[in-house]
Amino acid sequence: MSPRWNLGLEAGARKAFTDELDHLGTQNPLLVNTHDQDWYFYNGLSISYTFYKINCPDSYKANPKLLR
């Protein structure tokens, strides 16, 4: 966006290792898949603003190899 404004996006999926997340694990086995555990998905959007800037020390500017 700009040197001070940042935009972040995040998405993912996680396995719950249980079949009780949706409270269907104890239902009729004909209605639910007893061989598959629950998953949940998430997404996010973030906007941030940097109020200050930390300048690189002069010793690093003079010798860029120090940054490796």
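Start with Asp38, and keep in mind that the model is predicted. Asp38 is buried but takes part in no salt bridge. The nearest side chain of opposite charge belongs to Lys15, and that is 10 Å away. A salt bridge would need a side-chain nitrogen of Lys or Arg within 4 Å of a carboxyl oxygen, so Lys15 does not qualify.

Where does Asp38 sit along the chain? Asp38 is in the loop between strand S1, residues 5-15, and strand S2, residues 39-49. Now show what surrounds Asp38. Apart from neighbours within four places in sequence, the contacts of Asp38 are Lys15, Ala16, Phe17, Thr18, Asp19, Glu20, Leu21 and Asp22. Lys15 is therefore in contact with Asp38 by heavy atoms within 4.5 Å, although its charged side chain is listed at 10 Å.

**Arg14**

Next select Arg14, which is in strand S1. Arg14 is partly exposed, with 44% relative accessibility. Add Trp39, Tyr40 and Tyr42 to the selection: Arg14 touches these three, not counting residues up to four places away in sequence. For a distance label, pick the C-alpha atoms of Arg14 and Tyr42; they are 8.5 Å apart in space and 28 residues apart along the chain.

**The nonpolar patch**

Switch to a surface view and select Met1, Trp5, Leu7, Leu9, Leu45, Ile47, Tyr49, Phe51, Tyr52 and Ile54. Together these residues make a nonpolar surface patch of about 1,300 Å². Which strands each supply at least two residues of the patch? Strands S1 and S2 do.

Within the patch, pick Ile47, which lies in strand S2. Is Ile47 buried or exposed? Ile47 has a relative accessible area of 56%, so it counts as exposed. Leaving out residues up to four places away in sequence, Ile47 touches Trp5, Asn6 and Leu7. Trp5 and Leu7 are patch members as well. A C-alpha to C-alpha label between Ile47 and Asn6 reads 5.7 Å, for residues 41 apart in sequence.

**The aromatic rings**

Stay on the patch and show the rings as sticks. How many aromatic pairs are there? The count comes to two. One of them is Trp5 with Tyr49, a tilted pair with 4.8 Å centre to centre and 55° between the planes. Trp5 lies in strand S1 and Tyr49 in strand S2, so this pair ties together parts of the chain that are 44 residues apart in sequence. Trp5 is partly exposed at 40% relative accessible area, and Tyr49 is also partly exposed, at 36%.

From Tyr49, move to Phe51. Tyr49 and Phe51 form an edge-to-face pair, with 5.2 Å centre to centre and 80° between the planes. An angle over 60 degrees counts as edge-to-face, which is why the pair at 80° is described in that way. Phe51 is exposed, with a relative accessible area of 71%. Select Trp5, Tyr49 and Phe51 together to see the cluster that the ring pairs link. Trp5, Tyr49 and Phe51 are also among the residues of the nonpolar patch.

**Towards the chain ends**

Now go to Ser2, in the segment before S1. Ser2 is partly exposed, with 31% relative accessibility. Label the C-alpha distance from Ser2 to Tyr49: the separation is 9.5 Å, for residues 47 apart along the chain.

Finish at Ser59, which lies in helix H1, residues 58-62. Ser59 is partly exposed, with a relative accessible area of 46%. For a last label, go back to Trp5 and join its C-alpha atom to that of Ser59. How far apart are Ser59 and Trp5 in space? The two are 28 Å apart, C-alpha to C-alpha, and 54 residues apart in sequence.

Definitions and conventions. Residues numbered from 1 in each chain as written. Predicted model: local features only at pLDDT ≥ 70, side-chain atom pairs only at ≥ 80, totals over all residues. Heavy atoms only, no water. Helix = DSSP H or I, 4+ residues; strand = E, 2+ residues; numbered from the N terminus. Buried < 20%, exposed > 50% of the residue type's maximum accessible area, 1.4 Å probe, protein only. Lys, Arg positive; Asp, Glu negative; His and termini not counted. Patch = residues over 30% accessible without salt bridge, like charges linked within 9 Å, V, L, I, M, F, W, Y side chains within 5 Å. Areas by Shrake-Rupley, 256 points an atom, 1.4 Å probe, with all protein chains shown as cover. Phe/Tyr/Trp six-rings, centres within 6.5 Å; stacked < 30°, edge-to-face > 60°.
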